[in-house]
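Me: I have a structure to study and would like a close look at one part of it. Please pick a single contact, start there, and work outwards in plain steps.

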Amino acid sequence: MTVSPVIDIHTRSLLRTPSIDASRAVFRDWLLRSLVPYATLAPSGHNTQPWRFRLRDGALELRADTTRALPVVDPRARALVVSCGAALAVMRVVLRHDGYE
């Protein structure tokens with residue numbers, strides 16, 4: 001059984017603000033990019049880190065990377081999705097630690 005390439009974990013509102021000035025947008029983008037290294041510390045099956053991040057339109061997108069799926073040990077991609085959730089949870093913990101809600 002192969003893993004479907006349509007698995008998509010999409011987070012568009014991790015730290016989204018309506019219209020803001022350019023200097024705040026630069027800070028927001030920097031803050032969002034600084035979360036990614038922490039997310040790579042999240043647990044994943046066989047340490048595959050099956051996620052991809054993209055900064056777009058002032059939001060950090062988290063997407064499942066199905067090329068890193070393990071179809072033999074995880075035929076339904078459940079662990080892949082759980083791993084992406086763990087990466088998102090780590091980023092939320094870091095934000096809370098830094099005083100953001």
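Reply: Start with two side chains: Glu61 and Arg63 make a polar contact through them, at 3.4 Å. Keep in mind that this is a predicted model.

Where is Glu61? It lies in strand β2. Is Glu61 buried or exposed? Its relative accessibility is 0%, and buried means under 20%, so Glu61 counts as buried. Its strand fits that picture. Five of the six residues of β2 are buried, so the rest of the structure largely encloses this strand.

Now look across to the partner strand. β2 covers residues 59-64, and β1 covers residues 51-56. The two pair in the antiparallel sense, over six bridges. One bridge brings us back to our starting residue: Glu61 is the partner of Arg54. Another bridge joins Trp51 to Ala64 in β2. As a rule, side chains in a regular strand alternate between the two faces of the sheet.

How do the strands connect? They form a hairpin, with two residues between them. Asp57 sits in that turn and has a positive phi of about 55 degrees. Most residues other than glycine have a negative phi. That makes positive values worth finding, so let us follow the chain back from β1.

The loop between α1 and β1 includes Gln49. Gln49 is not a glycine, yet its phi is positive, at about 45 degrees. Its relative accessible area is 21%, so Gln49 counts as partly exposed. His46 lies in the loop between α1 and β1 too. Its phi is also positive, near 55 degrees, and His46 is not a glycine either. What about its surface? His46 has a relative accessibility of 67%, and the cut-off for exposed is over 50%, so His46 counts as exposed.

Keep going back and you reach helix α1, residues 22-39. Pick out Leu35 in this helix. Leu35 counts as buried because its relative accessibility is 2%. Which distant residue should you check beside it? Try Met91, which is 56 residues away from Leu35 along the chain. Their C-alpha atoms are separated by 5.8 Å. Residue 91 falls within the range of helix α2, residues 78-97.

Now step back to the whole protein. There are two helices and two strands. From the N terminus, the order is α-β-β-α. Of the 101 residues, 34% are buried. Take the contacts with a separation of 6 or more: 63% of them join residues 24 or more positions apart. The protein exposes about 6,600 Å², with 57% of that from carbon and sulfur atoms.

How far can you trust each part? The average pLDDT is 84, and 80% of the residues score at least 70. Helix α2 has the highest confidence, at 95, while α1 has the lowest, at a mean of 92. The start of the chain needs care. Over residues 1-15, pLDDT stays under 50. The model does have 44 contacts for this stretch beyond four places in sequence. Still, where pLDDT is low, the predicted coordinates should not be read in detail.

To recap, begin at the contact between Glu61 and Arg63. Cross the bridge from Glu61 to Arg54. Then follow the chain back through the loop that holds Gln49 and on to Leu35 in α1.

Note on methods: Residues numbered from 1 in each chain as written. Heavy atoms only, no water. Pairing = 2+ DSSP bridges. Helix = DSSP H or I, 4+ residues; strand = E, 2+ residues; numbered from the N terminus. Buried < 20%, exposed > 50% of the residue type's maximum accessible area, 1.4 Å probe, protein only. Polar contact = N/O pair within 3.5 Å; in protein donor to acceptor, adjacent residues only side chain to side chain. Contact = heavy atoms within 4.5 Å. Areas by Shrake-Rupley, 256 points an atom, 1.4 Å probe, with all protein chains shown as cover. pLDDT = per-residue confidence, 0-100.
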